[in-house]
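Please open the model in a viewer and keep the selection panel at hand. The tour below proceeds from one selection to the next.

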Amino acid sequence: MAWPVYAAEPVVWGEGMMVKVRPDDTAPGNSTEVRLTAARNEFVSFQVALHGGDTGLKGVRARLPGLEGPATLTGPDVTLYRQAYLTTRQPSEPGQPVGRWPDGLVPDTDEIAGEPRNAFPFDVPAREARAVWVDVHVPPDAPPGEYTGTVTVEAEGGFQRQVTAKLTVVAAMMPGTSSLASAFPLSPAQVCLAHLGRADCSYAELQPLLVRYQQLSLEHRITQPRLFLGGSGPQAWSGFDATWGPSLDGTAPTRLSGARMTSVEYTGPLTAGGLADFTAHMRERGWLDRAYALIGDEPPVWITYEQVQAAGALVRQAAPGLRTMLTSNANQLKPTGLESLVDIMVPMVNHLEGTDPGFVGDQTSTYVEFLSRPGTALWMYQSCAVHGCAPGVTVPQNQPGSGWPSYMVDRPSAKARAMEWLSFLFGCKGELYYETAGMLPTAWTDQYHFDGNGDGTLFYPGTPTAIGGLTHVPVASVRLKLIRQGMQDYEWLKAVSDAGDPAFARQVARELLPNAWQVPDDGAAFDAARLRLIQRYQELTLGNPSAPRMGGEPVTMPLEPQDPGGPGDSGGQGNAGGCGAAPGVSAAGALLWAAWALGRKRRRRE
């Protein structure tokens, strides 16, 4: 007599933000609770994952009314999204699976216009997985303490499951404006094509769309630096100020209190009159400290050194006080004698700590002379050079479990969170990314560009056709959320340093990232490192009113000496002593230790 066969039931579970829930290869989980820790004015994210079992689910809806604690976190501070999937047809890296990858985040109620969108309902086919992304923003006035909320998932046939979110708000205030400057440009032409279906949009048509993209960027702690004038003369500047003044002054309607742009690029013709007019207006409005002119990109590939010389000399003569930016590195620029014309040097990450001849190991010592000149700064950027810019070209360091930072859709989440940790280690003051809307018109279906899925595209076009509602808005990607998390990690690294223990902050970062090309795939390792920083910050500031608080004045980070070990050798940085997880301790163990320590510290305060 045969035993009866029972169908596997659908499953709902809580998941952290660092796991990509793919439809075809995600096994059902069993956690009904997620634990979160945040400062005030910080975002935290988690996922509610679903597996259809043998029967699937139809008409899935999810809701989280709020989190209750010393106050109620609700309304715009709690946002749910349906994760949309981008189907890749060729991998960004050999060995990565092709198929559906989670990336676009369709909001239940969007952050910009506040309109209901079509996140719900959705179906979960049998033997497939789906996920809901949840963002929680802790308001600046939220009292520290414990908060709890319940995500309820319902589907047809009376199906209902719940996942509990427990949030610890610590006594710290994260600044609304990132301490790490950024310049993540946006192409108006691509916005025009994606939202209005043509290439000839007027300034009046584009302006409200560009403002919305800037607003969503600020809420993710990055800046779109290219702000376009609608004409010339005093009247044009008046319109410019009315449009962009709030984003530059920190009064734009964002959930991050006081969020303001950290960079603004000169976008006019490279003429003496245009540069002088721009500089005078930036100075008059108090924005000149964030303004710059890009005098070249990757010479001698895209521009000659003679052209860089001419552009830099013109800015120096016509616009004193306006900083110049050049994407290059010290090894290539020093022999040209052009360093004196550059204020912000922006090398690629693989030229700051690399493996190629001429860039082996930590290169920060090569920038000491450049940075000794007042007013100079080191930024950093990543490009297709970290995965291969041409078909068939691969970068050998991108092995499973390791590899360079990456903003590609089909790379592990940890890769998109690493740049800001490396910026801290290298003493960088900003991050540049070449484009955020490169494939915006086809973002929902195809983002393959420069041999990578998602290279130069971090947004999706939120047209009413695509997401419902009435107003065109930008839609964030999972990768944009991960970049925001990296920016927030940077604040914790800086806060620990400013509060008196830069060595510990560097130790934690180096244990996580032994080298720039050894970014782990394990997202839990990033979460564990962040919790160690939060714990140390509390130790340094609790009962010490004189300790600098998060968001205070920046400190000068010592440059790390060049790594004598070369590729694959961490130079001993990962073996430094101190409290926290020692080398060899698993990420899960470190996470448990940090959670226990935080709880112990709270009990002592009570």
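Begin by selecting F278, which counts as buried because its relative accessibility is 6% (buried means under 20% relative accessible area, exposed over 50%, partly exposed in between, with a 1.4 Å probe and protein chains only). The model is predicted: local features need pLDDT of at least 70 and side-chain atom pairs count only at pLDDT 80 or more, while totals for chains, interfaces and linings use all residues. Residues are numbered from 1 along each chain as its sequence is written, and side-chain values use heavy atoms, with hydrogens and water left out.

F278 belongs to helix α4, residues 272-285; helices (H or I, at least four residues) and strands (E, at least two) are DSSP runs numbered from the N terminus. Display next the residues in contact with F278, neighbours within four places in sequence set aside: W237, V264, E265, Y266, A291 and L322. Contact here means heavy atoms within 4.5 Å. A distance drawn between the C-alpha atoms of F278 and A319 reads 8.4 Å, although these positions lie 41 residues apart along the chain.

Zoom out to the whole chain. Its secondary structure comprises 14 helices and 25 strands, and 59% of its 606 residues count as buried.

**The open sheet**

Select β1, β3, β10, β7 and β8: in that order, these 5 strands form an open sheet with antiparallel pairing. Two strands pair if DSSP finds at least two bridges between them. β1 (11-16) and β8 (99-107) stand at the edges with a single partner strand each, so one side of each has no neighbour in the sheet. On average, neighbouring strands are turned by 30° against each other, direction ignored. Between β1 and β3 (residues 43-51), which run antiparallel, there are 6 bridges; look there for G16 opposite F46.

**Helices α11 and α13**

Add helix α11 (residues 478-498), which packs on the sheet and touches β3, β7 (78-88), β8 and β10 (129-137), its direction making about 75° with that of β8. Axes are lines fitted to C-alpha atoms, for helices over the stretch in contact, and angles run from 0 to 180 degrees between N-to-C directions.

Then add α13 (residues 523-541), whose axis lies 9 Å from that of α11 at an angle of about 35°. Which residues of α11 meet α13? They are Q485, D489, W492, L493, A495 and V496, facing R530, L533, I534, R536, Y537 and L540.

**The nonpolar cores**

Select F46, L167, W421 and W492, which touch the most other members of the largest nonpolar core, a set of 157 residues. Such a core consists of buried Ala, Val, Leu, Ile, Met, Phe, Trp, Tyr and Cys residues joined through side-chain atoms within 4.5 Å. Its largest share, 10 residues, comes from α11. Another core, of 11 residues, lies apart from it and includes I344, M348, W379 and Y381.

**Backbone details**

Most residues other than glycine have a negative phi, and most peptide bonds are trans. Select F120 and P121, joined by a cis peptide bond with omega of about 0°; P121 is in the loop between β8 and β9 (122-124). The peptide bond from P299 to P300 is also cis, with omega near 0°.

In the loop between β15 and α5, select E298. Phi of E298, a residue other than glycine, is positive, near 50°, and E298 is partly exposed at 22% relative accessible area. Finish at D451, between β22 (448-449) and β23 (452-453): its phi is about 65°, and D451 is buried at 9%.
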